[in-house]
Amino acid sequence: MDGLTSAQVAGAKTNEVPRRSSRSLSAIIRANVFTLFNLVIGVLWALILIFGEWQDGLFGLVIVANALIGIVQELRAKRTLDKLAVINEAPVRVRRDGREQQVEPHRVVLGDLVLLGSGDRLLVDGEVVGSDGLEVDESLLTGEADPVHKKPGDQVLSGSFAVAGAGAYVATRVGTDAYAVRLAEEASKFHLAHSELREGVANFIKYITWLVVPIGALLIYSQLHNSADFSTAITGAVAGIVTMIPEGLVLMTSIAFAVGVIRLGRRKCLVQELPAIEGLARVDVLCLDKTGTLTAGGMDLDQVLPLRDGQPVEPALAALAHLDARPNATAQAIRARYPAPADGWSAASSVPFSSARKWSGADFGGHGAWLLGAPDVLLHDGDGYDKAAELAATGTRVLVLCRTPDLRAAQDGGPVEPVALVTLRQRIRPDALKTLGYFAKQGVTVKVISGDNPEAVSAIAMSLKIPGGDRSIDARTLPQDDPDKLGELLDSHTVFGRVSPQQKRQFVGALQARGHTVAMTGDGVNDVLALKDADLGIAMGAGSPATKAVAQVVLLDDKFATLPHVVGEGRRVLANIERVSNLFLTKTFYAIVLSLAVGVAGVMFPFAPRHSTLTNALTIGIPAFFLALAPTFERARPGFVRRVLRFAVPAGVLCAVAVLLSFWAAHSGTSTLTEDQTSAVITLFLTTWWVLVLITRPLNWWRITLLASMAGLFALALSLPPVRRFFALAPGDLSNDLTAVGISLVAAAAISIAVKVAGTLRT
């Protein structure tokens, strides 16, 4: 039991595992450089450089910009996440050279003697060599909810966690050989799958890719067949194909996610799974564990109220509080009053505290066997029960100290004799009231779920002005085998006391079954199962290592007031990505319609690649960057894909029709091809600028400034001779240009009506 020596540690295999918080530099570069869009744009860029003018190849810079911006943003997020992940890593207690030490998780070695206490997560596999009532929860591995008693010789697996007692085990498998690491080897912070937002964007890309191939082939054939100038034909075909590709959509989505992680990181909030950013925005029910969330860490011992005369109440309390080498908050409060146990009070046997039992106890030989725990578990009607309930109704936490003739029998419901009531004052977080008010305004329903007395929980809920806080339910009276009835009660009530760890998990499932997106906060091992099953698990930084391991979000500074920023960041990301998607897909649909019409009609494409580069930059690229990072308080709604399509399809089609009408009206006269294309470019800018106006609503000062700046830059491009020559613009035919403006105004009105009508449709 002395553990390894320093010499043995030096030569042993270490617990090196891939960091969960981010992917490697090489993986980031590959993901941002070697993409399908970059390949397609690269080929088209090469064609322009070979057959066209270099000014028409400006769109090729998109490859460089996308790659650089994506890499830089993700590296920033990686640095933030890696730093926060190190802070979040709980040290591991090991015994080396005969003394206890705390080491970083990756410094645990094969053969180490690892020490365990309640709440500790098992990071490596091993064999138990010492057990003092050690109970291990293996539910995350096996699905079995009941804790397993471990005795010397038993095997323990990484991914489980201690819920009661203490013990020690020898590490037999470390690093990538450990069971949990093998199961989760594919887990990565930047694995952006399994979310409506990511799947929606991926589907857009997939379908557009399939459309680009046949439409691009038709356009190339049409341009080659109807143009005597091979270079002009290639340039026109490339202009259509490039415009069809929403090259910045994936980039902007990734940037929004990465910046969200960085912003939350600055608030000491570690996002352990990027899809959690989306989950933040969709939450409509927030389940709060009272202790550690609404109340601050730690308690103060208030009163000790004897129920029997002549009993050694204080020595018994002191002895029970000093049983555990790693005391919980209750034991710490009692220890503050009684710094040391009385002489002769040593435990012959003990039962550690667990959330399922809700009491702990020990046999002190000649002084008898004593229990300390929840009154409504240890007491019956009368005999101090009414007094305990009266105290609990004031918001005070109440425990009962009992004697029992047989500690083993007490575990099976044997007789106990109440000796004293113990009250503890809980510290309500100063930021709780304001934070709960924020959630009420945002339409997020709060459910207070606690293992404490229902009346005590209700008193705290009322002090924080939580709607429905005056009506509490004892979870022991809830239906166990009727999920529908349980869901109804959860919807109609707010405060629940005496909730077991397994019930917390059932609560989450019942709420999800009723269509809610559920977030769960917690800090203790009794919250782990519920945190894992919730749509969004939020752990407090001062919580147990097991809790922080399974949560998607960890509030490292333990501030409840950070939660509004967490939810707000998720909503910002989701709302802004929807705006950006509307922009890019409007461009894609007008390009598809233009390419089909030109391909079928066998006419010239209405503009060159440099024209689309100019208009796309001013109406999509630059605005999208600002919109993707802008603040917003819009609540997330389901149906992302349908809403984007209902906007982008009619807007894109009408933009294409307006551009074709302007080009054909100009082309039928005596103007030059460059003048005809300029008319088309004017119409394209004005119609897509109006789409940008619709997307940026509601307007405020910075959005109006953005819109005015883009219009001003386009006006400069038309008026400055060097810029006109660079972009091949010739706004010299007044009749054509006025016709283009008139068509644009009609198209803008039509787009507004079409988008409004389409937005009212339901699928």
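## Leucine 594 and the nonpolar cores

Leaving aside residues up to four places away in sequence, leucine 594 touches Phe605, Pro606 and Phe607, along with Ala656, Val659 and Leu660. These contacts come from a predicted model, which is worth keeping in mind as you look around the structure. Leu594 also stands out in the largest nonpolar core, which has 78 residues: together with Val580 and Phe714, Leu594 touches the most other members.

There is a second core to explore, too. This one is separate, holds 37 residues, and includes Val448, Val495, Ile538 and Val567.

## The largest cavity

How many cavities of 30 Å³ or more turn up in a search of the whole structure? The search finds two. The largest has a volume of about 40 Å³, and its lining is made up of Leu583, Thr586, Lys587, Tyr590, Thr619, Ile620, Thr688 and Val691. Three elements each give two or more residues to this lining: helix 23 (563-601), helix 24 (609-628) and helix 26 (673-696).

Helix 23 gives the most, with four residues. As for chemistry, the lining of the largest cavity divides into four nonpolar residues, three polar and one charged.

## The second largest cavity

Now for the other cavity, where about 30 Å³ of space is found. Val283, Leu286, Phe439, Ala519, Leu536, Ile538, Leu563 and Val567 line the second largest cavity. Helix 23 appears again here: both this helix and strand 20 (536-540) supply at least two residues of the lining.

Which classes of residue make up the lining of the second largest cavity? Eight are nonpolar, with no polar and no charged residues. Two of the lining residues, Ile538 and Val567, are also members of the second core.

## Cysteines without disulfides

A friendly note for anyone looking for cross-links: the structure holds zero disulfides. Cysteine 287 helps to show why: the closest cysteine sulfur, in cysteine 269, is 18 Å from the sulfur of cysteine 287, which is too far for a bond. A pair would count as a disulfide with its sulfur atoms within 2.5 Å.

Are cysteine 287 and cysteine 402 buried or exposed? Cysteine 287 counts as buried because its relative accessibility is 0%. Cysteine 402 is buried as well, with a relative accessible area of 0%.

Key
Residues are numbered from 1 along each chain as its sequence is written. This is a predicted model: local features need pLDDT of at least 70, side-chain atom pairs count only at pLDDT 80 or more; totals for chains, interfaces and linings use all residues. Side-chain values use heavy atoms; hydrogens and water are left out. On a 1 Å grid over the protein atoms alone, a cavity is a set of points where a 1.4 Å probe fits but cannot get out, and a pocket is an open set with protein on both sides within 12 Å along at least five of seven lines; lining residues have an atom within 4 Å of a point. Grid points are joined across faces, edges and corners, and a volume is the space filled by probe spheres set on the points. Ala, Val, Leu, Ile, Met, Phe, Trp, Tyr, Cys and Pro count as nonpolar, Asp, Glu, Lys and Arg as charged, and the others, Gly among them, as polar. Buried means under 20% relative accessible area, exposed over 50%, partly exposed in between (1.4 Å probe, protein chains only). A nonpolar core is a set of buried Ala, Val, Leu, Ile, Met, Phe, Trp, Tyr and Cys residues joined through side-chain atoms within 4.5 Å. Contact means heavy atoms within 4.5 Å.
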